[in-house]
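Reader: I am in my first year, and I would like to learn how to read a model like this one slowly and carefully. Could you take a close look at one part with me and then lead on from there to other parts?

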Amino acid sequence: MRISDIQRCEVRPGRLVEWTFSKATVAAAAVLPPDPRPPAYIQESHIRTARSVREDGLFVPTWLGTAFDLPGRVDLDALEQALRDWTMRHETLRSGFRWSGDDMHRFTLRGNDVSLRREEIGDFAETETLTRYLQDRFDVAADALGWPNLIYAAVVRDESTSVYMAFDHTNVDAYSLQRIPDEIHELYVAGVTGRPIAGTAAGSYVDFCQQERADADGIDDTHTIVARWREFIGRCDGRLPEFPVDLGLRPGDALPAQKLVCEPLVDAEAAAAFEARCRPYGGSLVGILAATSLIVHELGGQPVYRTVVPFHTRLKSAWSDSVGWYVGGAPIEVPAARDFDAALETVRAELRANRSLARIPLARVLRLLGKDFRPTSPDMYSIVSYVDARLIPGSARWTEKRAYGLIRVSYGDQVCAWVNRLHEGLWFACRYPDTDVAYKNVRRYVEGLRDLIVSTPARDHLRAAELEFS
C-alpha cells in the first residue's frame with residue numbers, strides 16, 4: 001500500500017458521511033469496570049509520550065489511517081453494517097484506557113454494546129476544503145488522549161465512494177491498515193448481495209497485550225536482552241539512535257514541524273532485480289539497510305550506522321488476522337563498509353544476531369535500564385522500515401481501488417522512512433523535520449537509494465558477463 005498523508009491520497013469532492021461510536025456506546029463505556037488485561041508497553045509509552053508533549057503545550061496528532069474506493073454509489077446501510085461488523089471483530093477497537101493517578105487502566109466493551117452513529121456532514125465541492133476538514137476532524141476524533149479514538153468516513157459520488165478510516169496508533173500498525181480495504185470490501189459486498197462470509201475469528205490484540213506484558217515483566221536487568229540494549233545505547237552516547245545526517249536542528253530548539261516525501265522509488269523490474277541481488281544475504285530488507293548505511297556514511301561521515309529495525313511480533317498464527325500494534329525493534333550497528341557486498345554481509349550478521357531482541361518491548365528495557373528518556377518527541381528514534389506487501393489479500397487491486405495507508409505529519413525531530421514493495425515496484429515515504437538542511441539531505445538520501453538499487457544489479461550482471469566471456 002502506498003504510504004501518504006491526507007493531502008496526497010487523491011481526495012475528491014463529494015457528499016461526506018461520518019460514523020463514530022454512538023452516544024449509547026460511549027455511555028456504556030463510561031461505567032465499565034476495569035479490564036484486568038494491561039496495556040502493551042508500546043501502547044503505554046505512546047500515550048505517556050502524547051501526554052508529556054501535550055503538557056509541554058503542543059498538540060501533536062499521531063493518528064494512522066487508510067483510504068480506498070468502493071465502486072459506484074454506495075449503499076450506506078450496507079457500508080455501515082460492514083464497518084460495525086469489522087469493528088466488532090477486533091477487540092482493541094472497543095477497548096480504551098483511563099488514568100488513575102499516574103497509572104493506566106484498561107476498559108473493554110462487549111461486542112453487542114457497540115453501535116455506530118451516522119451523520120451526514122454535507123457536500124464538499126472543493127478538494128482543498130474537504131481535505132482540510134478531514135484532517136482537522138481526524139485530529140480530534142482519533143486523538144491518543146481521548147476515547148473513542150477512531151472515526152470512519154465516506155465521500156459519496158455517483159461513480160465511486162471513497163472510504164476513510166482513522167485510528168489512534170494504539171489500535172493499529174501498518175499491517176493492520178493494509179488488510180482493511182479488502183476486509184471492508186468483502187463485508188460490504190456480502191451485505192449488498194446477501195452472501196454469507198466464511199471465516200475464522202480474529203485473535204484479540206488485548207489478549208496479546210496481556211501475554212506480551214507478562215513475558216516482559218518476567219525478566220530483570222540481568223537478562224541478556226537488557227544487557228545487549230545497555231551496550232548499544234552506551235555506544236550511542238546514552239541515547240537512542242538518530243538519523244546520522246545533519247537535519248539543521250540545534251539542541252534545545254522547540255519540536256519542529258515535519259514534512260513528508262512520498263513517491264515511487266523504482267519500478268517492478270528494478271525491485272525484482274534488487275531482491276534477486278540481495279536474496280543470498282536475506283533479501284531486500286538487508287539490501288535497503290545496507291544501502292542506507294553506505295549513503296548516510298557518505299552524507300554524514302559517521303563511522304558506524306546505528307539504527308533500530310522494526311519487526312512485527314505476530315509470532316503465532318492466532319495474531320495473523322488481528323488488528324493491533326504488533327511491532328518491536330532490534331538494534332543493529334553497521335560500520336562503514338568498503339562496498340555494497342561488505343555492507344550486506346554486516347547487516348545480515350547483525351540482523352541474525354539481534355532480531356530476537358525485538359521480542360521484549362523497548363519500553364520495558366528502558367524501564368529496567370533506569371533510563372530517563374523523558375519523551376519530548378512522538379518518535380523515540382529514527383527508523384528505516386522495509387515491508388513486502390504483495391502477499392496481503394487484495395494488494396493486487398490497491399492501485400485500482402486508490403488504496404493508501406495514511407500517516408499524520410505534524411511535529412517531530414526524527415527521520416522515519418518506509419520502503420514498501422508493491423506489485424508496481426518500491427514505494428518510498430519519509431517524515432523529516434521541516435528545515436532546508438533536512439530537506440536537502442533527505443532528498444540526497446532518496447536519490448542515493450534509488451541510484452544504488454538500480455545500479456547494483458546492473459553492475460553485477462555486467463561482472464557476470466565479463467567473467468563468462470573472459
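Leaving aside its neighbours within four places in sequence, which residues is Tyr 133 in contact with?

Author: Before the answer, please keep in mind that this is a predicted model, in which local features need pLDDT of at least 70 and side-chain atom pairs count only at pLDDT 80 or more, while totals for chains, interfaces and linings use all residues. Residues are numbered from 1 along each chain as its sequence is written, and side-chain values use heavy atoms, with hydrogens and water left out.

Once neighbours within four places in sequence are set aside, Tyr 133 is in contact (heavy atoms within 4.5 Å) with Leu 16, Glu 18, Ile 121 and Phe 124. Tyr 133 has its place in helix H4, residues 127-141, where helices (H or I, at least four residues) and strands (E, at least two) are DSSP runs numbered from the N terminus. With a relative accessible area of 25%, Tyr 133 is partly exposed; buried means under 20% relative accessible area, exposed over 50%, and partly exposed in between, with a 1.4 Å probe and protein chains only.

Thr 307, which lies in strand S10, makes a useful contrast, since its relative accessible area of 4% puts it among the buried residues. Not counting residues up to four places away in sequence, Thr 307 touches Phe 232, Pro 241, Ala 330, Pro 331, Ile 332, Ser 382 and Ile 383.

From single residues we can pass to groups of them. In soluble globular proteins, nonpolar side chains tend to be buried together. The largest nonpolar core here has 67 residues, and those with the most contacts inside it are Trp 19, Leu 79, Trp 86, Tyr 152, Met 165, Phe 167 and Trp 229; such a core is a set of buried Ala, Val, Leu, Ile, Met, Phe, Trp, Tyr and Cys residues joined through side-chain atoms within 4.5 Å. Helix H3, residues 76-89, gives this core its largest share, 6 residues. For Met 165, leaving aside neighbours within four places in sequence, the contacts include Leu 64, Phe 68, Leu 83, Trp 86, Tyr 152 and Ile 184. A second, separate core of 47 residues includes Ala 271, Ala 291, Ala 330 and Leu 426.

Helix H3 deserves a longer look, and its buried residues are Leu 76, Ala 78, Leu 79, Glu 80, Ala 82, Leu 83, Trp 86 and Thr 87. What covers these buried residues includes strands S2 (14-21), S3 (64-71), S6 (116-124), S7 (150-156) and S8 (160-167), together with helix H5. At 1.5 Å a residue, the 14 residues of H3 should span 20 Å, and its end C-alpha atoms are indeed 20 Å apart; the expected span is 1.5 Å times one less than the number of residues.

Helix H5 leads us to charged side chains. Arg 179 and Glu 183 meet there in a salt bridge of 3.0 Å, N to O, the term being used for a side-chain nitrogen of Lys or Arg within 4 Å of a carboxyl oxygen of Asp or Glu. Because they are 4 residues apart in helix H5 (residues 174-193), Arg 179 and Glu 183 are separated by about one helical turn. Arg 179 is buried at 13% relative accessibility, and Glu 183 is buried at 9%. Arg 179 also forms a salt bridge with Asp 321, the closest N and O atoms being 3.1 Å apart. Arg 179 lies in helix H5 and Asp 321 in the loop between strand S10 (304-312) and strand S11 (327-335), so this pair ties together parts that are 142 residues apart in sequence. Asp 321 itself is partly exposed, at 24% relative accessibility. Elsewhere, salt bridges that share partners join Glu 44, Arg 48, Arg 51, Asp 102, Arg 213 and Arg 367 into one network, and the structure holds 45 salt bridges.

Finally, consider an open sheet of 4 strands, whose order is S9-S15-S14-S12, with mixed pairing; two strands pair if DSSP finds at least two bridges between them. Strand S9 (258-267) and strand S12 (383-388) stand at the edges with a single partner strand each, so one side of each is left without a neighbour in the sheet. S12 pairs with strand S14 (residues 416-422) in the parallel sense over 6 bridges, and the bridge partner of Val 387 in S14 is Asn 420.
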